Amino acid sequence: MAGPGRRAKGGALLAAACLAALPAAAQGVKTFSAQDLMKGTTATREQCAALPRSVFVEALGERICIRYYMSGPAQGRSATVFFPGDSFGADPKGRLVPDPGYLTQAPEYLDAAVRVWSQRLGSPVIFFGRMGLHGSSGWHGNRRTRLEVAVTRAALDAIKVREGVTGFAVVGQSGGGLLAAAALAARDDVSCAAIASAPLDFNAFARRFGITVRLDGKRAHYDGLADVPAAAARTGSRVIVLTDPDDKDVPASTQTPYVEALRAAGARPLHLFTAGRLNHALTEKAMFATALCLSGKPDQEIEKRYGRTAADDLPPP
């Protein structure tokens, strides 16, 4: 996630977290392209069916092929789904540019990443290719919108049927955190939701970075605050929000109102304040916190390992 004038970062970290264990980049590996990222792609139902681990969904008049990467036996089990962050942002002149980390990724590397994370978490792990990213069709310029949320919700339904999973834990970093929040609000099969560095109060985020908020149509921006009543009603779900107090890309002031609104609605989210890579990327801590959540560990143990709940040193909004 990066606001105008800020470089995109953090979208590659689930894969990057395990790439150190891999040999040097294999000859012939085709990485994801800048052109596909910046311009978008299309796919027919038949083209989608020919891809490994993909689902073809229709939402709000759009037909999208969502590709996902999965490891671990899933039939009859709950799976952990990771939604990566945004993969382009604005340069100092306001021009959209690719996240350099994204352009080093490839399907083979994501397959390796989910294998490592499945072993670490002891559960099936799914890396979700967001619309326009990681082999999924569509355009990433429609990120953080009602359309992306609708496509994601439909894709999770289709993945659940195809893989035979019983439910999900959802983990989202930055822009992907919005999708984790949207999944929490819409589903009754989410056991744990770990939302890291996400602009959950999107109106506050937009004001901070001078973004014009779209309110109408399928490209209207998604605001997590609007879904708080539905999220708070999911009493079977545990919610963990992770915030770096020094985050400049998604300031804490755009995250804490979501937590406060959940509490006001009767929910009991765990809000962790902890340092992220480059003061923003909290993917690894979110994944490991999810593992503790799935194993039934109490909030106090998760806090002890991965953050603190006191926010006395938060910078002013």
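# Disulfides, parallel strands and the largest pocket

Counted along the chain, the bonded cysteines pair in the pattern 1-2, 3-4. The model described here is a predicted one.

## Disulfides

The structure contains two disulfides. A disulfide is a covalent bond between the sulfur atoms of two cysteines. The table sets out the two links.

| Pair | S to S distance | Angle about the S-S bond | Handedness |
|---|---|---|---|
| C48 and C65 | 2.2 Å | 80 degrees | right-handed |
| C192 and C293 | 2.0 Å | -90 degrees | left-handed |

C48 is bonded to C65. C48 belongs to helix α3 (residues 45-49) and C65 to strand β2, so this disulfide ties together parts that are 17 residues apart in sequence. Are these two cysteines buried or exposed? C48 has a relative accessibility of 1% and therefore counts as buried. The value for C65 is also given as 1%, so C65 counts as buried.

The other disulfide joins C192 to C293. This pair links distant parts of the chain, with C192 in strand β8 and C293 in helix α10 (residues 283-294), 101 residues apart. C192 has a relative accessible area of 4%, which is under the 20% limit for a buried residue. C293, with a relative accessible area of 5%, is buried as well.

## Parallel strands around β7 and β8

Strand β8 (residues 190-196), which carries C192, is mostly covered, with six of its seven residues buried. Strand β7 (residues 167-173) runs parallel to β8 and is joined to β8 by five bridges. Within this pairing, G172 of β7 faces I195 of β8, and Q173 stands opposite A196.

What lies between β7 and β8 in the β-α-β unit? Helix α6 (residues 175-186) completes the unit with β7 and β8, and the unit is right-handed.

β8 also pairs with strand β9 (residues 238-243); these strands run parallel and are joined by five bridges. I195 stands opposite V241 in β9. I195 thus appears in both pairings of β8: opposite G172 of β7 and opposite V241 of β9.

β7 has a further parallel partner in strand β3 (residues 78-83), with six bridges between β3 and β7. In that pairing, A79 has F168 of β7 as its bridge partner.

How many residues of β7 are buried? The count is seven of seven, and the strand is mostly covered. In a regular strand the side chains alternate between the two faces of the sheet. In β7, G167, A169, V171 and Q173 point one way, while F168, V170 and G172 point the other way. The residues on both sides of β7 are all buried. Of the bridge residues mentioned above, F168 belongs to the group with V170 and G172, and Q173 to the group with G167, A169 and V171.

## Positive phi outside glycine

Most residues other than glycine have a negative phi, and most peptide bonds are trans. R53 has a positive phi, near 45 degrees, and is not a glycine. R53 sits in the loop between α3 and β1 (54-59). The helix before this loop, α3, is the one that holds C48. R53 has a relative accessible area of 31%, so this residue is partly exposed.

L60 likewise has a positive phi, of about 50 degrees, without being a glycine. L60 is placed in the loop between β1 and β2, and β2 is the strand that holds C65. With a relative accessible area of 45%, L60 is partly exposed.

## The largest pocket

The largest pocket encloses about 400 Å³ of space. Two elements give two or more residues to the lining of this pocket: α2 (34-39) and β2 (62-71). β2 is also the strand of C65, bonded to C48.

Which residues lie nearest the centre of the largest pocket? They are F32, D36, T41, G135 and S136, out of a lining of 21 residues. By class, the lining comprises eight nonpolar, ten polar and three charged residues.

How values were computed:
Residues are numbered from 1 along each chain as its sequence is written. This is a predicted model: local features need pLDDT of at least 70, side-chain atom pairs count only at pLDDT 80 or more; totals for chains, interfaces and linings use all residues. Side-chain values use heavy atoms; hydrogens and water are left out. On a 1 Å grid over the protein atoms alone, a cavity is a set of points where a 1.4 Å probe fits but cannot get out, and a pocket is an open set with protein on both sides within 12 Å along at least five of seven lines; lining residues have an atom within 4 Å of a point. Grid points are joined across faces, edges and corners, and a volume is the space filled by probe spheres set on the points. Helices (H or I, at least four residues) and strands (E, at least two) are DSSP runs, numbered from the N terminus. Ala, Val, Leu, Ile, Met, Phe, Trp, Tyr, Cys and Pro count as nonpolar, Asp, Glu, Lys and Arg as charged, and the others, Gly among them, as polar. Buried means under 20% relative accessible area, exposed over 50%, partly exposed in between (1.4 Å probe, protein chains only). Two strands pair if DSSP finds at least two bridges between them. A crossover is right-handed if, with the strands pointing away from the viewer, the path from the first strand over the helix to the second runs clockwise. A disulfide is a pair of cysteine sulfur atoms within 2.5 Å.
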